[in-house]
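Visitor: I would like to go through this model with you step by step, beginning with one helix and ending with the interior. Please explain how each answer is reached.

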Amino acid sequence: MRYLYRSRSGQGGGALMLSSAIVLILLVLLLAISPDLTSMQGWVVLFLLLLLAIFVGYSKITEPYYAVELNTQGVCYHHRRGSWLLPWQAFAFASVPQLAGGGELSYVGFKVTNYPGFLQHLPLRLAVKLLTEQRHLLIVALRRNCPDGTCPSEMLLESTDLHIDNIRYHGVLAMFAHRMRHLSGLLGAELFIPADSLAITPAEFCRMVNQSRLNYISTRDGLMTPPTQL
């Protein structure tokens, strides 16, 4: 059984890119026909905005068609830099992370219980990208949990050496594992996917994941049974 979730952030890219390209072509033709228009203010800004729109549209269409997948192995997150797999037996639950003092983050968090079980499926190229993309999560959590600035500064440092369950990690994987531990202490989860990767609300997705995990664990043969429909 597979459940695929289309990314909201990747939708509309083709239409945006095509419409912006058409307007850009019309603008170039208009300037070619009437060179005097080049003296008018604003056409350069419009030209740059159209180029930016084309770039945004291209970025959208290069996003994976399906961002998140639930299958018999676990939860799989597809990113343009690669994919990670979180086995069903390697995490305890999925939830919407809460900030200290109230407020939800636009992410789904996973409480990872088996770091090696996850890290063995994490491509280095993707790990580097996620360390950069999700650094703001750590910064936001630090600000909320220590508004007086007393949080340990080492949380912002990424160590390149780490031992977990008699396994020694170096470089990027060690840095990612350290980040997971810091986020766990601040947000109660180690692994995060953005809410715009889902076509449903984060709360609905968490219910689907948690039900699927319970169904997987309850089966004797290790095959996931269909989760309760939402």
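**Helices, strands and a cavity**

Guide: In this predicted model, helix α7 has as its buried residues P202, F205, C206, M208, V209, S212, R213, N215 and Y216.

Visitor: What span does α7 reach from its first C-alpha to its last?

Guide: Helix α7 covers residues 202-218 and has 17 residues. At 1.5 Å a residue the expected value is 24 Å, and the helix comes close to that expectation, with a reach from first C-alpha to last of 24 Å.

Visitor: V209 of α7 is among the contacts of V75; in which strand is V75 placed, and is V75 buried or exposed?

Guide: Leaving aside neighbours within four places in sequence, V75 is in contact with V209 and also with V68, E69, L70, W84, L85, L86, W88, F91 and F110. One of these, L85, lies 10 residues from V75 along the chain, and their C-alpha atoms are separated by 5.8 Å. V75 belongs to strand β3, residues 74-79, and because its relative accessibility is 0%, V75 counts as buried.

Visitor: Which residues of strand β7 point to the buried face?

Guide: The side chains alternate along β7, residues 161-164, with D161 and H163 pointing to a face where they are not buried. The other face of β7 holds the buried pair, L162 and I164.

Visitor: Which residue in β8 is the bridge partner of H163?

Guide: Strands β7 and β8, the latter spanning residues 167-170, run antiparallel and are joined by four bridges. They form a hairpin with two residues between them, and D165 in the turn has a positive phi of about 50°. Across this pairing, the partner of H163 in β8 is R168.

Visitor: Which residue stands opposite F192 of β9?

Guide: Strand β9 has both faces covered, since L191 and I193 on one side and F192 and P194 on the other are all buried. Strand β6, residues 107-112, pairs with β9 in the antiparallel sense over four bridges. Opposite F192 stands G109.

Visitor: How many of the 17 residues of α6 are buried?

Guide: Helix α6 reaches 24 Å from its first C-alpha to its last, close to the 24 Å expected at 1.5 Å a residue, and is followed by G188, whose phi is positive, near 80°. Its buried residues include L173, A174, F176, R179, M180 and L183. The helix is largely enclosed by the rest of the structure, because the buried ones among its 17 residues number 12.

Visitor: Which element gives the most to the lining of the largest cavity?

Guide: A search of the whole structure finds one cavity of 30 Å³ or more, and about 60 Å³ of space lies in it. Its lining consists of L130, L131, Q134, F176, R179, M180, L183, E190, L191 and F192. The elements giving two or more residues to that lining are α4 (124-133), α6 (171-187) and β9 (191-194), and the one that gives the most, with four residues, is α6.

Visitor: How many residues of that lining are nonpolar?

Guide: The lining of the largest cavity includes Q134, R179 and E190 alongside residues such as F176 and L183. By class, it divides into one polar residue, two charged residues and a nonpolar group of seven.

Note on methods
Residues numbered from 1 in each chain as written. Predicted model: local features only at pLDDT ≥ 70, side-chain atom pairs only at ≥ 80, totals over all residues. Heavy atoms only, no water. 1 Å grid on protein atoms, 1.4 Å probe; cavity = no way out; pocket = protein on both sides within 12 Å on 5 of 7 lines; lining within 4 Å. Points joined across faces, edges and corners; volume = space filled by probe spheres on them. Nonpolar A, V, L, I, M, F, W, Y, C, P; charged D, E, K, R; others polar. Expected span 1.5 Å × (residues − 1). Buried < 20%, exposed > 50% of the residue type's maximum accessible area, 1.4 Å probe, protein only. Pairing = 2+ DSSP bridges. Contact = heavy atoms within 4.5 Å.
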